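Colleague: I'd like to learn how to read a model like this one. Could you walk me through it?

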Amino acid sequence: MEVTPKLDWFCKDTWFKSAYNTMWCLIGCSIGDFATIYYFQITPHTFPVYLIMLFAIINGIITSIILETIILLRQKFNFWIAFKTACGMSLISMISMELAMNITDYLIVGSAKLTWWVIPIMLLVGFVTPWPYNYWRLKKFNKACH
């Protein structure tokens, strides 16, 4: 029987690196998410809130992959390797971030609507939600998004 070593949850270096990775994921996801919500906020439409939030989540993941690809290209990766790496990022992290942000928006504002005061709350919740998972993934598998 193989014994699995305990995971060290108190490594400051890993928390810092995972926070950095989570921040880049948050930036990428927020671009597509906020742009989508804002578009539907200023455009007359008949889409239900849940569909707008689904579009926002999908667009957030797409923009996160685009940003990751650009970051890797700047690190001298070949385009296809950069794109494959970006697509292979942790979808669990991105989806949990997107869901947390959109649920927060809905619970506070009551719809898919951006206001100046809800955005920082959405960003905070979007950051904190996947951060422990990103720490665990980095510590256990030495796998990071960036």
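Modeller: Happily; we will go from the overall fold to helix packing, single residues and cysteines.
This is a predicted model, in which local features need pLDDT of at least 70 and side-chain atom pairs count only at pLDDT 80 or more, while totals for chains, interfaces and linings use all residues. Residues are numbered from 1 along each chain as its sequence is written, and side-chain values use heavy atoms, leaving out hydrogens and water.

Colleague: How many helices and strands does the protein chain have?

Modeller: Helices (H or I, at least four residues) and strands (E, at least two) are DSSP runs, numbered from the N terminus. Here the protein chain has six helices and zero strands, giving the pattern α-α-α-α-α-α along the sequence. Its C-alpha atoms fill a box of roughly 60 × 35 × 30 Å along the principal axes.

Colleague: And what share of contacts in the protein chain joins residues at least 24 apart?

Modeller: Contact means heavy atoms within 4.5 Å. Among contacts between residues at least 6 apart in sequence, 74% join residues at least 24 apart.

Colleague: Now helix packing. At what angle do H1 and H6 pack?

Modeller: Axes are lines fitted to C-alpha atoms, for helices over the stretch in contact, and angles run from 0 to 180 degrees between N-to-C directions. Helix H1 (residues 12-42) packs on helix H6 (residues 131-141) at about 120 degrees, with the axes 9 Å apart. That makes H1 oblique to H6; angles under 35 degrees count as roughly parallel, over 145 as roughly antiparallel, 65 to 115 as roughly perpendicular and the rest as oblique. The contact includes Trp15, Lys17 and Asn21 of H1 and Trp131, Tyr135 and Leu138 of H6. Its residues divide into six nonpolar, five polar and two charged. For that sorting, Ala, Val, Leu, Ile, Met, Phe, Trp, Tyr, Cys and Pro count as nonpolar, Asp, Glu, Lys and Arg as charged, and the others, Gly among them, as polar.

Colleague: How do the axes of H2 and H4 cross?

Modeller: Helix H2 (residues 49-74) and helix H4 (residues 91-109) cross at roughly 140 degrees, their axes coming within 10 Å. H2 is therefore oblique to H4. Among the residues that meet are Met53, Ile57 and Gly60 in H2 and Met94, Glu98 and Leu99 in H4. This contact divides into 10 nonpolar, three polar and two charged residues.

Colleague: Let's try single residues. Is Ser93 buried or exposed?

Modeller: Buried means under 20% relative accessible area, exposed over 50%, partly exposed in between (1.4 Å probe, protein chains only). Ser93 lies in helix H4 and counts as buried because its relative accessibility is 1%. Beyond its neighbours within four places in sequence, Ser93 is in contact with Cys25, Pro130, Tyr133 and Asn134. Met23, in helix H1, is partly exposed at 32%; its C-alpha atom is 9.0 Å from that of Trp131, 108 residues apart along the chain. Of the 146 residues of the protein chain, 40% count as buried.

Colleague: Finally, why does Cys29 form no bond with Cys25?

Modeller: A disulfide is a covalent bond between the sulfur atoms of two cysteines. By the cut-off used here, the two sulfur atoms must lie within 2.5 Å. The sulfur of Cys29 is 4.1 Å from the closest cysteine sulfur, in Cys25, so the pair is too far apart for a bond. The structure holds zero disulfides. Cys29 is buried, with a relative accessible area of 0%, and Cys11 also counts as buried, at 17%.
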